[in-house]
Amino acid sequence: MTAFDVDAIDLAQLRERQSAKYRQYPPDVIPAWVAEMDFPLAEPIAAALHAAIDRSDTGYRSTEGLAEATADFLEMSWQWSVPQDRIVAIPDVLTGVAESIAMLTEPGEGVVVNPPVYPPFFSTIRDIVGRSIVEVPMSELDGAYSLDLTGLADAFARPEVTAFLLCSPHNPTGTVPSQAELEEVARLAAEHDVAVIADEIHAPLTLPGARHVPYLTVAAPDARAICVIAASKAWNLAGLKCAQMIGTDETEGIIRRRLPLEVQYGTGHLGVIASVAAYRDGGPWLEQVLGILDANRMLLADLLAEHLPEAGYVPPEASYLAWIDLPGWGDDPAVAILREARVALNRGPTFGPGGRGHVRLNLATSPAILTEIVGRLGRLTPGT
Ligand SMILES: Cc1ncc(COP(=O)(O)O)c(C=O)c1O
């Protein structure tokens, strides 16, 4: 398989894309917000999708090959053995999160989240499944984040708390919880009978130096826990609608009995085809991407030191989202940055407590575009 040339990535060409990243803002704005990548699609995935189109294979989805390909990928990546009949196809990770909470908790009960955290977690818990949000902020030390295990213990002891939505690796801080931390989460969850929903969508993007530990490998086999994972973030397939839900001895029967069939039927047919190709043959492309992201996260540190020395930034341990503290730029720096610098970033305050004064920047682009983004920010005076 041929590698792609990251330096050939061209903004004018990217702007021909019809996805959210490139259609939300006018063409003079460089989009570095939503978690889509600027890289060309992996060749084996493109070939599988082209072949499907060539045979007019656009009917209802079958999940043929998906459980097997997913199980092989989990085994190869994390030595995690999952029986194929435990791997259930669903349209996307957020649907899996919402359905898991609905299956494992009752209306009004409390679900713990760790802000600053992926904003749709709040609306999913509150508005879609009607549970209440219990915030246990991430611990922060000089810009490095970790799970607050004492805070989690206190929250799990509260009678209204019946679930924990774990984001591992964590968006937006890029933190990869350690095995010891996850073991403690599992111990606390068992002690207080708290269900754990592990959103591991960013796991295949764990960068050199960190090690992802799947939550279900540290939880007891009969834990009240569900993992939701997908090829969609690592191989940029979000629009094709395919994710996977994985239960334990305890929850697999609940999923089989209670996960609505219409949810399972909502999985995209081309998403299944693309995910199978990603898990089976997408390894070399992902290796190249991890190398680019590794370099970009360090390049960003250099660029910030040069253009915005006041910025607080610790390179992420996983994925391609940089969480940047901009002291002196007010509560919501992304608003002025969009207006004045014509760069679209995610607004820190939407990530909940701890988000004020921050922005989230998408690193999955070329070094040249990243350099242009930070150069634009550097030319902006805080407070404008
Ligand atoms: C932590 C996390 N969960 C879920 C999602 C959304 O995934 P999906 O499009 O599969 O619902 C994202 C998207 O970036 C994410 O970062």
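A residue counts as buried if 20 or more other C-beta atoms lie within 10 Å of its own. With that cut-off in hand, we can turn to the structure above, which is a predicted model.

Ser 319 meets this condition, because 27 other C-beta atoms lie within 10 Å, and Ser 319 is therefore buried. Its backbone also deserves attention, since phi of Ser 319 is positive, at about 70°, although the residue is not a glycine. Ser 319 is found in the loop between strand 11 (312–313) and strand 12 (321–325). A second residue with a positive phi is Asn 236, which is not glycine either and has a phi near 60°. Asn 236 lies in the loop between strand 9 (225–229) and strand 10 (243–247), and because Asn 236 has 23 C-beta neighbours inside 10 Å, Asn 236 too counts as buried. Across the whole protein, 50% of the 384 residues count as buried.

Two peptide bonds of the model are cis, and the table sets out their omega values.

| Cis peptide bond | Omega |
|---|---|
| Pro 115 to Pro 116 | near 0° |
| Asn 171 to Pro 172 | about 20° |

Both prolines that follow these bonds belong to loops: Pro 116 is in the loop between strand 3 (110–113) and helix 6 (120–128), whereas Pro 172 lies in the loop between strand 7 (161–167) and helix 8 (179–192).

How do helix 4 and helix 12 pack, and at what angle? Helix 4 (residues 66–78) and helix 12 (residues 269–281) pack at an angle of about 30°, with their axes 9 Å apart. Angles under 35 degrees count as roughly parallel, so helix 4 is roughly parallel to helix 12. The crossing of helix 4 past helix 12 is left-handed. On the side of helix 4, the contact is made by Leu 66, Ala 69, Thr 70, Asp 72 and Phe 73, and these meet Val 272, Ser 275, Val 276, Tyr 279 and Arg 280 in helix 12. By type, the residues of this contact divide into 6 nonpolar, 2 polar and 2 charged.

Finally, the protein as a whole contains 15 helices and 15 strands. Its radius of gyration is 20 Å, close to the 21 Å that the globule rule gives for 384 residues, so the protein is as compact as a globular protein of that length. Taken along the principal axes, the C-alpha atoms fill a box of roughly 55 × 55 × 35 Å. Among the contacts with a separation of 6 or more, 75% are between residues 24 or more positions apart.

Conventions
Residues are numbered from 1 along each chain as its sequence is written. This is a predicted model: local features need pLDDT of at least 70, side-chain atom pairs count only at pLDDT 80 or more; totals for chains, interfaces and linings use all residues. Axes are lines fitted to C-alpha atoms, for helices over the stretch in contact, and angles run from 0 to 180 degrees between N-to-C directions. Helices (H or I, at least four residues) and strands (E, at least two) are DSSP runs, numbered from the N terminus. Angles under 35 degrees count as roughly parallel, over 145 as roughly antiparallel, 65 to 115 as roughly perpendicular and the rest as oblique. A crossing is left-handed if the near helix is turned anticlockwise from the far one by less than a right angle, and right-handed if clockwise. Two residues are in contact if their C-beta atoms, placed from the backbone, lie within 7 Å. Ala, Val, Leu, Ile, Met, Phe, Trp, Tyr, Cys and Pro count as nonpolar, Asp, Glu, Lys and Arg as charged, and the others, Gly among them, as polar. A residue is buried if 20 or more other C-beta atoms lie within 10 Å of its own, exposed if 12 or fewer, and partly exposed in between; C-beta atoms are placed from the backbone. The radius of gyration is taken over C-alpha atoms; the globule rule is 2.2 Å times the number of residues to the power 0.38.
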